[in-house]
Protein chains: 2
Amino acid sequence: MELLSVYAGGVTDSPLRKDAVRNRQRIIEIGRQLVADGTPIQLNEVARAAGVGVATVYRHFPTPQALIEAVSVAGLETLIQAAERAVQQDDPWTAFRDFLVRFVDAQLLDAALSSVLSTPTATLPGTAHLLDELSSLFDKLFVRVRAAGLLAPGITLADMTPLMCGVAFSARMHPATDTQQQAAAGRHYLDVVLNGIRTR
Amino acid sequence: MELLSVYAGGVTDSPLRKDAVRNRQRIIEIGRQLVADGTPIQLNEVARAAGVGVATVYRHFPTPQALIEAVSVAGLETLIQAAERAVQQDDPWTAFRDFLVRFVDAQLLDAALSSVLSTPTATLPGTAHLLDELSSLFDKLFVRVRAAGLLAPGITLADMTPLMCGVAFSARMHPATDTQQQAAAGRHYLDVVLNGIRTR
DNA sequence: GATGAAACGGATGGATCATCCGTTTGCCAA
DNA sequence: TTGGCAAACGGATGATCCATCCGTTTCATC
């Protein structure tokens, strides 16, 4: 998979100037730190921390949500890789389950990713493209378990992302003292849902 | 169940003056409308719409979250009534399931309620009291299904609220055209989870 | 109806937001 | 190289939003 993200936000755009690329990276890096700390994103503050003018930040990311999307790109790419590995798996159910474990885990580790996955509307073209790629891979995994008759009737592909984001939401609500425990809760709730959608 | 909410926020407070009660009601009513419309709550704007000074709003509700809590009281009381009815039910599982259907439905119909249930930390004493009452009733329902051996081992009472809020979250993500469809999605996802936590 | 406490209102200083425009930087053709 | 120009930059600034403070009004009590 190519890493196109050093450019503006997609393939079609004319390449950014060198300084623009540098600034964009700096801004994203600051954004990553803020998101990780759970600090609400203020674009003026991001500019200050990145040692860059306010207008530069706004030019690249008109809204905090746009910056969050950009921050989520790394996590999105990792997830896509996980999905690609999963489609190589022989056993449909194992492939499906393993990917979903990643899907939930990734959300718990990366608030930006979680936000993007829970919000179907991408504002940056780069994100939209990655989401498409991810959902196409997910489709492959889903179709296989469905064909294998492992899923209860009534469960559709369109149900899966909401369900997984719901699981992540539940895990985040769970009173956990550390990341470890929260991941365990995520795994626990995922098991509940997997149990619930499987044929018996 | 008494409706204490016309007073400041609890039993122990000295009764509010007549004008204070009136203003408080007005503010909550405006808050209710804003929450229903999905409009983000701005306390200055609430004051304007309620025909009341800004300070009055801030005195009653120091933060938007506090106002949201107050707005959620009605829904919380309704939910408590539903729980009281459920504990009267003979069949443990039916009682449990029927209450959870209400629990999810109520969240989908009332964003304020949803917010309060997803945020364990109550800032108004009145809300804290109602949440206690609700969770005590919920406990009764849970203990019965547990005792009847209807729940998979590993599922605890502490899992239930996160799971139900997760279900509501999933339903809200589901691309629904109207309230009807969203309620259907909520019911669908609830069935998945109920399936997942039940013994087989 | 006099008195004190409770509540009110909105002016206002402070914080945050996001645009605009004069300046700088990088790119490319000559 | 260098000259020209488009792209990108930065930060001052007006607009908006937030929340406190204090002089005034209203209510309850005697």
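Which elements of chain A and chain B each supply at least two residues of the surface near DNA strand D? I began my notebook with that one, keeping in mind that this is a predicted model.

**Entry 1: around the DNA**

I went through the helices one chain at a time. In chain A, α1 (18-37) and α3 (54-60) each supply at least two residues of the surface near DNA strand D. In chain B, α1 (18-37), α2 (43-50) and α3 (54-60) do so. I then looked up the largest share, and α3(A) gives it, with four residues.

Next I wanted names. There are 20 residues around DNA strand D. From chain A, N23(A), G53(A) and A55(A) are among those that come nearest, and from chain B, Q42(B) and A55(B) join them. I also sorted the residues of this surface by class and found nine nonpolar, five polar and six charged.

**Entry 2: an annotation to compare**

I checked the UniProt record for chain A. Its unreviewed entry carries the annotation "domain: HTH tetR-type", which covers residues 21-79. In the model, that span of chain A is 81% helix and 0% strand. Its end C-alpha atoms lie 24 Å apart.

**Entry 3: two domains in chain A**

How is chain A divided by the domain assignment? I found domain 1 at residues 15-62 and domain 2 at residues 68-197. Taken over C-alpha atoms, the centres of these two domains of chain A are separated by 28 Å. I looked for contacts between them too: seven residues of domain 1 of chain A meet five residues of domain 2 of chain A. The domain 1 side of that contact has four nonpolar, two polar and one charged residues.

**Entry 4: where the chains meet**

Now for the pair of chains. How many residues does each chain bring to the contact? I noted 17 residues from chain A and 17 residues from chain B. On the side of chain A that touches chain B, α8 (157-173) and α9 (179-197) are the elements that give two or more residues. The largest share there is from α8(A), with eight residues. By class, this side of chain A has 10 nonpolar, six polar and one charged residues.

**Entry 5: symmetry**

What rotation superposes chain A on chain B? I read off 180°, with 0.0 Å of shift along the axis and an RMSD of 0.1 Å. That is how a two-fold axis relates two copies. My last check was on the interface itself: 100% of the interface residues of chain A are also interface residues in chain B, so the copies meet through the same surface.

Notes:
Residues numbered from 1 in each chain as written. Chains lettered and ligands numbered in written order. Predicted model: local features only at pLDDT ≥ 70, side-chain atom pairs only at ≥ 80, totals over all residues. Near = placed C-beta within 6 Å. Nonpolar A, V, L, I, M, F, W, Y, C, P; charged D, E, K, R; others polar. UniProt positions renumbered as here; feature names shortened; annotations may be inferred. Contact = placed C-beta atoms within 7 Å. Domains from an automatic or database assignment. Least-squares fit on C-alpha atoms with pLDDT ≥ 70 in both.
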